[in-house]
Amino acid sequence: MRQTPFLPKRPLKVAVLGSSGAVGSELLKILEERDFPISELRLLSSERSEGKKVKWKGEELLTKNTTDKEFFNIDLVLASAGGSISRKWLSTIKDQNAVLIDNSSAFRLDNDVPLVVPEVNSGDALKHNGVIANPNCTTILLTLVLSPLNNISTIKRVIISTYQSVSGAGQLAMEELKLLTERYLKGDPQNSQVLPYSLAFNLFLHNSPMLSNNYCEEEMKMVNETRKILNMPDLKVSSTCVRVPVLRAHSESINIEFEGIVQPKDALEKLSQSAGIEIIEDYENNRFPMPNDVMGRDNVAVGRLRADISHPNGLELWLCGDQIRKGAALNAVQIAELLIPDK
Ligand code: NAP
């Protein structure tokens with residue numbers, strides 16, 4: 001049992017587990033950009049990446065295969081190597097009295113693991129027992145918008161359709177989309193190996209495992225994680241998740257039913273004052289958020305707020321957010337910052 005939720009008040013020994021992946025590479029960038037207090041940074045991946053050199057703050061760091069000794073004396077582990085790898089190293093990390101901030105879904109719904117979006121439920125971060133979970137990427141973007149709107153009028157029901165970029169499936173999936181797009185244009189065969197089907201000039205429903213209720217895992221993550229983050233266990237949520245041939249940044253079409261009437265202009269004003277959100281809304285020129293607007297950027301772009309013509313208490317809106325950044329790496333580093341005393 002940790003004595004304090006905070007990290008030590010000194011530059012920290014930090015490990016990025018999964019450092020060579022899509023989220024891991026972004027974690028390294030963000031730690032540098034935000035000048036996170038680090039005395040030693042350890043880059044851990046699989047044996048495939050052993051010896052890979054990475055420039056960080058002007059230094060050349062070597063990527064190591066992940067073994068027990070790499071966690072010795074560590075203070076903080078930012079993990080993005082998948083759930084089974086996080087589970088495998090959890091007790092080793094806990095033995096060092098370190099904190100694990102985990103990007104996988106392995107611990108997200110555990111009762112003693114906070115699931116945190118700092119702009120929404122930062123207080124939960126301090127209730128951890130060595131593990132804090134970073135929510136699913138689409139859920140982070142969604143709750144960032146739902147939370148302020150819920151302060152105007154209580155939300156009763158949310159229906160979401162996602163348009164998820166290929167980078168949500170990792171680095172290799174991005175490479176595959178580029179390759180298969182080239183092949184498509186040359187008229188060559190489209191045999192995909194990373195994703196189940198080619199995404200080149202195509203889209204398909206999210207490829208996470210199908211559950212007994214005919215929702216896929218990704219869709220149910222949005223349901224269950226949204227309820228936990230907003231602390232609204234009975235909130236009605238339904239989602240349809242789709243992969244689209246966009247390299248980076250997810251989009252979501254969101255329909256919200258409130259207890260009372262929420263005027264689009266009030267919702268717009270509220271969101272424009274909320275941390276992590278920017279508005280892109282120009283009806284005259286038909287210009288609203290696009291993935292290219294947010295690629296590599298921290299803010300989630302929101303627009304197209306309009307009254308739902310099918311329900312008096314309904315609101316429609318559209319968002320785009322860089323899911324590797326705010327949907328994963330940035331959110332994880334923001335959580336870590338909450339654990340730094342006096343920050
Ligand atoms: P990725 O690009 O495929 O990267 C996976 C990373 O895990 C690589 O660094 C890989 O190392 C490492 N790894 C694989 N097997 C390992 C092992 N046995 N021991 C140690 N490291 C190992 O995947 P990603 O997209 O970054 O996703 C990583 C995690 O974040 C997943 O749990 C994913 O669900 C979650 N996530 C992803 C996103 C997103 O937008 N991509 C958003 C939110 C959450 P090698 O390169 O050496 O194989």
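**Group meeting talk: a ligand and its surroundings**

Okay, let's start with one pair of side chains: glutamine 323 and histidine 250 make a polar contact with each other, at 3.5 Å. Before I go on, please keep in mind that what you have in front of you is a predicted model.

So where is glutamine 323? Look in the loop between β14, residues 314–321, and helix α9. Is glutamine 323 buried or exposed? Its relative accessibility is 3%, and buried means under 20%, so glutamine 323 counts as buried. Besides histidine 250, glutamine 323 has another partner: one of its polar side-chain atoms lies 3.0 Å from an oxygen atom of the ligand.

That brings me to the ligand. On its own, the ligand exposes 900 Å², and the protein buries 78% of that. If you're looking for where the ligand sits, find the largest pocket, because that is the space the ligand takes. How many residues surround the ligand? The count is 26, and the closest are Ser20, Val23, Ser46, Arg48 and Ser49. Two helices to pick out here are α1, residues 22–33, and α9: each of them supplies at least two residues of the shell around the ligand.

Now for some polar atoms at the ligand. Take serine 20, where a polar side-chain atom lies 2.6 Å from a ligand oxygen. Then there's glutamine 171, where it's a polar backbone atom that is 2.9 Å from an oxygen atom of the ligand. So please don't look at the side chain for that one; look at the backbone.

Let me stay with glutamine 171 for a second. You'll find glutamine 171 in helix α5, which covers residues 171–186. With 31% relative accessibility, and the partly exposed range running from 20% to 50%, glutamine 171 counts as partly exposed. How far apart in space are the C-alpha atoms of glutamine 171 and serine 20? They are separated by 8.8 Å, with their positions 151 residues apart along the chain.

Next, helix α9, which spans residues 325–338. What is going on at asparagine 331? The helix has a kink of about 40°, and asparagine 331 is its centre. And why do we say that α9 is largely enclosed by the rest of the structure? Because 13 of its 14 residues are buried.

The loop between β14 and α9 also holds isoleucine 324. Isoleucine 324 has a relative accessibility of 3%, so it counts as buried. If you compare isoleucine 324 with valine 113, they are 211 residues apart along the chain, and their C-alpha atoms are separated by 22 Å.

Let's look at two threonines. Threonine 162 lies in strand β8, residues 155–164, and at 1% relative accessibility it counts as buried. From threonine 162 to serine 239 is 77 residues in sequence, but 7.7 Å in space, C-alpha to C-alpha. Threonine 92 is in helix α2, residues 83–95. Its relative accessibility is 13%, so threonine 92 counts as buried as well. The C-alpha atoms of threonine 92 and phenylalanine 71 are separated by 7.2 Å, and these two residues are 21 apart along the chain.

Last stop: backbone angles. As background, most residues other than glycine have a negative phi. Which sign does phi have at asparagine 97? Positive, at about 60°, although asparagine 97 is not a glycine. You can find asparagine 97 in the loop between α2 and β6, residues 99–102. Asparagine 97 has 47% relative accessibility, so it counts as partly exposed.

Asparagine 231 has a positive phi too, near 55°, and of course it is a residue other than glycine. Its place is the loop between α6, residues 217–230, and β10, residues 236–243. Is asparagine 231 buried or exposed? At 64% relative accessibility it is over the 50% mark, so asparagine 231 counts as exposed.

To wrap up, go back to glutamine 323: it is buried, it has a polar contact with histidine 250, and it has a polar side-chain atom 3.0 Å from a ligand oxygen. Thanks, everyone!

Technical notes. Residues are numbered from 1 along each chain as its sequence is written. This is a predicted model: local features need pLDDT of at least 70, side-chain atom pairs count only at pLDDT 80 or more; totals for chains, interfaces and linings use all residues. Side-chain values use heavy atoms; hydrogens and water are left out. The bend at a residue is the angle between axes fitted to the seven residues ending there and the seven starting there. Helices (H or I, at least four residues) and strands (E, at least two) are DSSP runs, numbered from the N terminus. Buried means under 20% relative accessible area, exposed over 50%, partly exposed in between (1.4 Å probe, protein chains only). A residue is near a molecule or strand if one of its heavy atoms lies within 4 Å of it. A polar contact is a pair of N or O atoms within 3.5 Å; within protein, one must be able to donate a hydrogen and the other to accept it, and residues adjacent in sequence count only if both atoms are side-chain atoms. Accessible areas come from the Shrake-Rupley method with a 1.4 Å probe; for residues, only the protein chains shown count as cover. On a 1 Å grid over the protein atoms alone, a cavity is a set of points where a 1.4 Å probe fits but cannot get out, and a pocket is an open set with protein on both sides within 12 Å along at least five of seven lines; lining residues have an atom within 4 Å of a point. A molecule sits in a cavity or pocket if more than half of its atoms lie within 2 Å of its grid points.
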